[in-house]
Structures are given as C-alpha cells and as structure tokens.
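Got your viewer open? Load the structure, and let's walk through it one selection at a time.

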Amino acid sequence: MQPTSSMNEQFLKKWQMGLQIFRPSIDNTSVSERKRAIKLSADVAMASLRKGTTCWSRALIQKAATEDSFLVRQMLAGIKEETLINRKLPKIVCHRKIVRRSKKILMRRKSRSAMEEVTAKAKKLVKRKTKGLRNVVPGGEFMSNNVLLIQETLDYIVSLQTQVNVMRSIVDAAEAGVER
Amino acid sequence: MSNRRSRQSSSALRISDDQMIDLVSKLCQLLPEIRERRRSDKVSASKVLHETCNYIRKLHREVDNLSDRLSQLLDAVDEDSHEASVIRSLLM
C-alpha cells in the first residue's frame, strides 16, 4: 500500500484550490495565519480524497470546520462531503463501558492458567498502545473496535505520506526558485 | 441473555485476533523503521503499534514544518518579484 501518483495529483489540486480561496486575504494576514490556512487546506485536501468513506477523514473535516468553516465549506462546495460538516459523529463511549463490564465478568468466571496470564498481559499492553494510537488518529476516540482502528490507521498513514510528499516537493521547488 | 452475550464477545475476540495479526503485518510494511530491520527479527504487536504512533507523530511534525517554511516563503518574497510569480504559479 503506497501513495499513488493519482493520489498525489488529486491532493495537489485540492490543496491549490484551498490556497486560492485564501489568496485574496493573504496580504492582510500574519505569517502565523498564513501557516494556519496552509495547514488547514492541506488537511481538508487530504481528507476529501477519501470522499467520506473513512472515519478519520470525516473526523478531520469536522475538526477543520470548527476552525474555519468558511474555508472548509468553500473547498467542499458541491461535493457530498459538504454534508459531513454538520453531521455529528456517533459517540460510542457508552458501548465501550458495557463491553468492558461484560469482559470483567467473563474474566472473573474463568480460572486462568499460566499461558492465559501471559496472553492477558500481552493483550493489556496492546490495549495501552492502541490507546496511544487513538489519540493520534483523527476520530480515534470513536473507534471502539481495534480492527477498525488499525484499518483506519493504515489508510491514514498512506494519506499522510501523500500529503507530506506533495508538500515537500512544492516547498523544495519554491525555496529553490527563491534562492536563485 | 448473559449466555448469548458471553458467546458473542468470545467469538468476536477470536475473529479479531486473526484480523489483528494480518493488519499488524500490514502496518509493519508501512513503517520505515521496521522495514529496514533484518527479516530474522520478529517484531511484537505492541512494538509495531508503538512505532506507528511515533511515525504518525513524525509525519504531523513534518507537515507542520513544511507549512511553516511555506508561509515564511510567501512572506519573504516581494509581491512584484520574479520569485513571487514562481511561487504563485506553483501554488495558486
């Protein structure tokens, strides 16, 4: 699974669109505001590639909309992702509590062998690490299922690689152009 | 009622174990740190997850750094200069 050249192209087009929307106000803004706009349009561009099919991309768009709903609306105008801006992500937190409770009851009933102890410890460690992952992947806190979490992570990483590759090429080229 | 629940959660655990192994191996292939290791080294699932977190954070930092550089480029360049038009043609 690698970022494809068509992903790179699509990302670049979307990102350019976002920057063009920001362009008129560029002379009146500070460097930090420009950086914010650059980063935000890059994130929305990356998320829109998934056309609302992944949890992380929907969460990222919603988060971006809270920071600059105008920019996000303009970037997604006419696409069905526009509806994502207002849709609330389902909170699955209460289901996790029920699963946790029923697992505790299960564990109490079983008698554990040494092998089971080791497996249980390993699972606990994995659980701690997936918690870290949930903090880093957008919308992670809504993914109660570990399988879903890792599937989303895989997709998120490939998209991030696309974002970084394209941004890096543009910035390197721009810096080289300025230095000459 | 409780029997059904216990049966469901235990079978859910069994399915996800196999899927987890498959997904974790896919993660391995994406992480540059782990890919570069010798094939003979086995990597634990928790190590892979840990490296994944680190990798994602690293990518976030790169995006932040690149946005920084770009915003400063746009600032440092004279509106009417040749460089400004280069950047504009690349980006806008």
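Here is a short tour with a few stops, beginning with a whole chain and then moving to single residues and a pocket. Keep in mind along the way that this is a predicted model.

**Stop 1: chain A.** Select chain A and show it as a cartoon. You'll find seven helices and zero strands, so to read the chain from the N terminus on, just follow α-α-α-α-α-α-α. The chain has 180 residues, and buried ones make up 44% of them. Now for the contacts in chain A with a separation of 6 or more: 65% of them come from residues 24 or more positions apart.

**Stop 2: Ser41(A).** Next, pick Ser41(A), which sits in helix α2 of chain A, residues 31-48. Is Ser41(A) buried or exposed? Its relative accessibility is 1%, so Ser41(A) counts as buried, the cut-off being under 20%. Show the side chain and look for the backbone oxygen of Ala37(A): a polar atom of the Ser41(A) side chain lies 2.6 Å from that oxygen. Then add Trp15(A), Gly18(A), Leu19(A), Leu71(A) and Met75(A) to your selection. Ser41(A) touches each of these, leaving aside residues up to four places away in sequence.

**Stop 3: two cysteines in chain B.** Switch over and select Cys28(B) and Cys53(B). Why is there no bond from Cys28(B) to the closest cysteine sulfur? That sulfur belongs to Cys53(B) and is 14 Å away, which is too far for a bond; a disulfide needs the two sulfurs within 2.5 Å. Seen from the other end, Cys53(B) is in no disulfide either, with the sulfur of Cys28(B) as its nearest. In fact, searching the whole structure turns up zero disulfides over all chains. Both cysteines are buried: Cys28(B) has a relative accessible area of 18%, and Cys53(B) comes in at 5% relative accessibility.

**Stop 4: the second largest pocket.** Turn on a surface now. Rolling a probe the size of a water molecule over the atoms shows where empty space is left. The second largest pocket has a volume of about 470 Å³. To find its centre, select Asp43(A), Leu60(A), Lys63(A), Pro138(A) and Tyr156(A), the closest to it of the 24 lining residues.

Which elements give two or more residues to the lining? From chain A they are α2, α3 (55-67), α6 (114-136) and α7 (146-179), and chain B adds its α3 (45-76). The largest share, six residues, comes from α3(A). Finally, colour the lining by residue type: you should see 13 nonpolar, five polar and six charged residues.

Conventions
Residues numbered from 1 in each chain as written. Chains lettered and ligands numbered in written order. Predicted model: local features only at pLDDT ≥ 70, side-chain atom pairs only at ≥ 80, totals over all residues. Heavy atoms only, no water. Helix = DSSP H or I, 4+ residues; strand = E, 2+ residues; numbered from the N terminus. Buried < 20%, exposed > 50% of the residue type's maximum accessible area, 1.4 Å probe, protein only. Polar contact = N/O pair within 3.5 Å; in protein donor to acceptor, adjacent residues only side chain to side chain. Contact = heavy atoms within 4.5 Å. 1 Å grid on protein atoms, 1.4 Å probe; cavity = no way out; pocket = protein on both sides within 12 Å on 5 of 7 lines; lining within 4 Å. Points joined across faces, edges and corners; volume = space filled by probe spheres on them. Nonpolar A, V, L, I, M, F, W, Y, C, P; charged D, E, K, R; others polar.
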